[in-house]
Amino acid sequence: MTMFHFFNCAILTFGPHAVYYSATPLSEYDTLWTSIRAAVVYLVTALVKLVCLATFLNVSESDSFDPYQELLKAVFGFIDVAGLYFAMTQLTHRNISQNHKFQAVGLGWAFADSVLHRLAPLWVGARGLEFTWDYILQGLEANANLVFSISLAALGSLMWLRKNKPKTLIPIIYACAGIVATMPSITSYLRRGLGWHLPKVVGFELFSSLLIAFISWQLFVACQRPSN
């Protein structure tokens, strides 16, 4: 029963990444190598961010919300944006379109995040003797992060790769990218500052990810229209 629960949670956590790759044209255009290299860039970015957090953040004995510490975390969260910029603009990609490039990079980015932050807790905790909803919620949270990562990559492609975008949309693009980049601090405030429980926070993340994805899709479509 414990292994059955583990496999269920693992499929919920990592399965959507494989489904997304197989169900979209990414598999047809052989973008797996692009996703793998984006995952490697994510791991390097996570290491840099970890060093910065360990250097500048103080270890708090309480679980209360500290605005100064969370502000620093939000600032360091933009290291992810820098890493994503490198993956989108500096890595050489095979002859794939901009549409497929940001999806492949976002997919690899999200998968590496799930492996780094969720695989070990899942392996240790989901095989426990007592059933808990925490790891199912963790899988749902990984799904929300997948949507956030692909949305941020789409917004990044508009910011860095598309030159002829409408000027009226530029502030919206940057605002949405800033919201996605600071989402960990937002959820931390909901948990520690407002005392939200994990199911409520995960529900907020799922709703926010779908909303950001819809807005990103609309922005992407609007930027692809020929300018008058």
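In this predicted model, the side chains of Glu-141 and Arg-191 come together in a salt bridge, with N and O 2.9 Å apart. That pair ties together distant parts of the chain, since Glu-141 belongs to helix α5 and Arg-191 to helix α7, with their positions 50 residues apart. The two partners sit in rather unlike surroundings: Glu-141 counts as buried because its relative accessibility is 15%, under the 20% limit, while Arg-191 comes out as partly exposed at 34%.

The Glu-141–Arg-191 bridge is one of three salt bridges that the structure holds. Another one joins the side chains of Asp-80 and Lys-49, at 2.7 Å from N to O. Here too distant parts of the chain are linked, with Asp-80 in helix α3, Lys-49 in helix α2, and 31 residues separating them in sequence. Asp-80, like Glu-141, has a relative accessibility of 15% and so falls in the buried class. Then there is Arg-118, which forms a salt bridge with Asp-113, the closest N and O atoms lying 3.0 Å apart. Both Arg-118 and Asp-113 are buried. As a general point, side chains of opposite charge can pair when their charged atoms come close.

Back to the helix that carries Glu-141. Helix α5 has 27 residues and spans 38 Å from its first C-alpha to its last, close to the 39 Å expected at 1.5 Å a residue. Of those 27 residues, 23 are buried, so α5 is largely enclosed by the rest of the structure. Ser-151, also found in α5, fits that picture: its relative accessible area is just 4%, so it is classed as buried. Once residues up to four places away in sequence are set aside, Ser-151 touches Ile-212, Ala-213 and Ser-216.

Helix α5 also has a partner from the start of the chain. Leu-12 has its place in helix α1, which covers residues 2-23, and is partly exposed, with a relative accessible area of 25%. Leu-12 and Glu-141 are 129 residues apart along the chain, yet their C-alpha atoms are separated by 9.8 Å. Not counting neighbours within four places in sequence, the contacts of Leu-12 are with Ile-136, Gly-139, Leu-140 and Asn-143.

On the Arg-191 side of the bridge, helix α7 runs over residues 183-193, and its buried residues include Met-183, Ser-185, Thr-187, Ser-188 and Leu-190. What do the buried residues of α7 pack against? They meet α3 (67-89), α5 (134-160), α6 (170-181) and α8 (198-224). Just past the end of α7, Gly-195 adopts a positive phi of about 75 degrees. Trp-196 is placed in the loop between α7 and α8, where its relative accessibility of 24% makes it partly exposed. Leaving out neighbours within four places in sequence, Trp-196 contacts Leu-190, Arg-191, Val-201 and Phe-204. Arg-191 therefore turns up both in the salt bridge to Glu-141 and among the contacts of Trp-196, while being partly exposed itself.

Helix α2, residues 32-56, shows both kinds of setting. Ser-35 is found in this helix and counts as buried, with a relative accessibility of 7%. Its contacts, leaving aside neighbours within four places in sequence, are Ala-104, Leu-107 and Gly-108. Val-48 lies in α2 as well, but is partly exposed at a relative accessible area of 41%. Together with Leu-32, Trp-33, Ile-36, Val-40 and Val-44, Val-48 makes a nonpolar surface patch of about 540 Å².

As for annotation, the unreviewed UniProt entry lists residues 39-59, 71-92, 168-190 and 202-223 under "transmembrane region". Two of these spans can be set beside the model geometry. Residues 168-190 are 87% helix and 0% strand, with end C-alpha atoms 32 Å apart. Residues 202-223 are 100% helix and 0% strand, and their end C-alpha atoms lie 31 Å apart.

Terms used. Residues numbered from 1 in each chain as written. Predicted model: local features only at pLDDT ≥ 70, side-chain atom pairs only at ≥ 80, totals over all residues. Heavy atoms only, no water. Patch = residues over 30% accessible without salt bridge, like charges linked within 9 Å, V, L, I, M, F, W, Y side chains within 5 Å. Areas by Shrake-Rupley, 256 points an atom, 1.4 Å probe, with all protein chains shown as cover. Salt bridge = Lys/Arg side-chain N within 4 Å of Asp/Glu carboxyl O. Helix = DSSP H or I, 4+ residues; strand = E, 2+ residues; numbered from the N terminus. Buried < 20%, exposed > 50% of the residue type's maximum accessible area, 1.4 Å probe, protein only. UniProt positions renumbered as here; feature names shortened; annotations may be inferred. Contact = heavy atoms within 4.5 Å. Expected span 1.5 Å × (residues − 1).
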